[in-house]
Structure formats: C-alpha cells, structure tokens
Amino acid sequence: MKLLRRWWKALWRGATCRCPKCGQGALYETFLRVRKTCPACGVTFQPYAGDSLGVYAICYGLSVVPAIAAAILVGFYLNSNPYVVLATFAGVSGSILFGLFRNMKGLWIALVFLMTGLRKNL
Ligand SMILES: [Zn+2]
C-alpha cells in the first residue's frame with residue numbers, strides 16, 4: 001500500500017508539472033522546455049538519450065483512445081457523414097495533445113523516475 005501511494009504521488013507530481021522526487025521544483029523553464037535539473041533537489045529530469053520516445057507513446061495512447069471513442073459516437077449514433085467523423089477525430093485528438101502535452105510529458109518523466117530513479121549529476 002505504501003508503494004502504491006509513493007507511485008501515485010510521483011505520477012501526480014509529474015502530471016502536475018512538478019519534480020516527481022521532491023514535488024517542489026517546477027519541471028518547465030519555459031512553456032515547453034523541460035529544465036535540465038530540479039531547482040529544489042538537483043535531480044536530472046531527462047537523464048537518458050531517447051527519453052522523448054516515451055512521451056510520444058504516452059501522448060499517442062492518451063489522445064487516440066478518446067478520439068476513437070468520440071468518432072464512433074459521432075459516426076454511429078449521430079449518423080454523421082465521414083468528414084464530420086474525421087473532423088471529430090482530429091479535433092478531439094488535437095485538443096488533447098495541445099491542451100495536455102505538458103502534463104503528459106511530466107507523466108513520462110515521473111514514469112522514468114519510478115522505473116530508474118532520477119539521479120544527481122548524470
Ligand atoms: Zn526535485
């Protein structure tokens with residue numbers, strides 16, 4: 001139970017764009033640029049090359065599933081034409097990507113923290 005609480009806390013901190021280890025430092029220095037290290041505890045946020053691939057996987061997974069559900073709802077239950085279905089899919093997935101990209105990237109950094117531990121001075 002204690003382990004689950006620790007995981008949940010780290011994931012929540014990452015999703016809310018704070019350091020998954022200490023919860024004090026902000027993940028971003030500008031709107032989309034992640035800091036190299038935490039200003040509060042000093043861990044490296046993205047210590048491994050190729051970390052951004054996981055961000056893409058999370059963004060894809062968390063945006064495509066609701067977009068498909070919305071497209072199915074519009075296509076089958078409202079009997080819309082295919083262009084409306086396509087526009088619904090693009091609108092929902094694009095809105096999720098643009099609206100929640102920072103949070104999803106923070107979630108990935110928290111997952112990297114939980115899987116490997118973010119260490120100082122890598
Ligand atoms: Zn920190």
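Four cysteine sulfurs hold the zinc ion here: the SG atoms of C19, C22, C38 and C41, at distances of 2.2 to 2.4 Å. Keep in mind that this is a predicted model, with an average pLDDT of 88 over the protein. Below is a quick tour, starting at the metal and moving out to the surface.

**Zinc site**
- The angles subtended by the four donor atoms run from 107 to 113°, so the arrangement around the zinc ion is tetrahedral.
- For reference, the ideal value for four tetrahedral donors is 109.5 degrees.
- If you like motif shorthand, the donor residues follow the spacing C-x2-C-x15-C-x2-C in sequence.
- C19 and C41 both sit in the loop between α1 and α2, so this pair ties together parts of the chain that are 22 residues apart in sequence.
- C19 has a relative accessible area of 0%, and therefore counts as buried, given that the cut-off for buried is under 20%.

**Elsewhere in the loop between α1 and α2**
- C17, which belongs to this loop, has a positive phi of about 65° even though it isn't a glycine.
- C17 is also buried, at 12% relative accessibility.
- F45 is another residue of the loop between α1 and α2, and it's buried with a relative accessible area of 0%.
- From F45 to W12 the C-alpha separation is 15 Å, with their positions 33 residues apart along the chain.
- P47 is in the loop between α1 and α2 too; its relative accessibility is 19%, so it still counts as buried, because the line is drawn at under 20%.
- P47 and W108 are 61 residues apart along the chain, while their C-alpha atoms are separated by 12 Å.

**Helix α2 and the nonpolar patch**
- I68, I72, L73, F76, Y77 and L78 together make a nonpolar surface patch of about 700 Å².
- F76, one of the patch residues, is part of helix α2, which covers residues 52–77.
- With a relative accessible area of 64%, F76 is exposed, since exposed means over 50%.

**From the loop after α2 into α3**
- N79 is in the loop between α2 and α3, and here's another non-glycine with a positive phi, this time about 50°.
- N79 counts as exposed, at 67% relative accessibility, whereas C17, with its own positive phi, is buried at 12%.
- F98 is located in helix α3 and is exposed, with a relative accessible area of 75%.
- F98 and C59 are 39 residues apart in sequence, and their C-alpha atoms are 10.0 Å apart in space.

**How far to trust the model**
- Of the residues, 96% score a pLDDT of at least 70.
- Among the elements, helix α3 (residues 82–116) has the highest mean pLDDT, at 92, and helix α1 (residues 2–15) the lowest, at 90.
- As a general caution, predicted coordinates shouldn't be read in detail where pLDDT is low.

Terms used: Residues numbered from 1 in each chain as written. Predicted model: local features only at pLDDT ≥ 70, side-chain atom pairs only at ≥ 80, totals over all residues. Heavy atoms only, no water. Patch = residues over 30% accessible without salt bridge, like charges linked within 9 Å, V, L, I, M, F, W, Y side chains within 5 Å. Areas by Shrake-Rupley, 256 points an atom, 1.4 Å probe, with all protein chains shown as cover. Salt bridge = Lys/Arg side-chain N within 4 Å of Asp/Glu carboxyl O. Helix = DSSP H or I, 4+ residues; strand = E, 2+ residues; numbered from the N terminus. Buried < 20%, exposed > 50% of the residue type's maximum accessible area, 1.4 Å probe, protein only. pLDDT = per-residue confidence, 0-100. Donors = N, O, S within 2.8 Å, 3.2 Å for Na, K, Ca; no water. Tetrahedral: all angles 85-135°; square planar, octahedral: opposite > 155°, others 65-115°.
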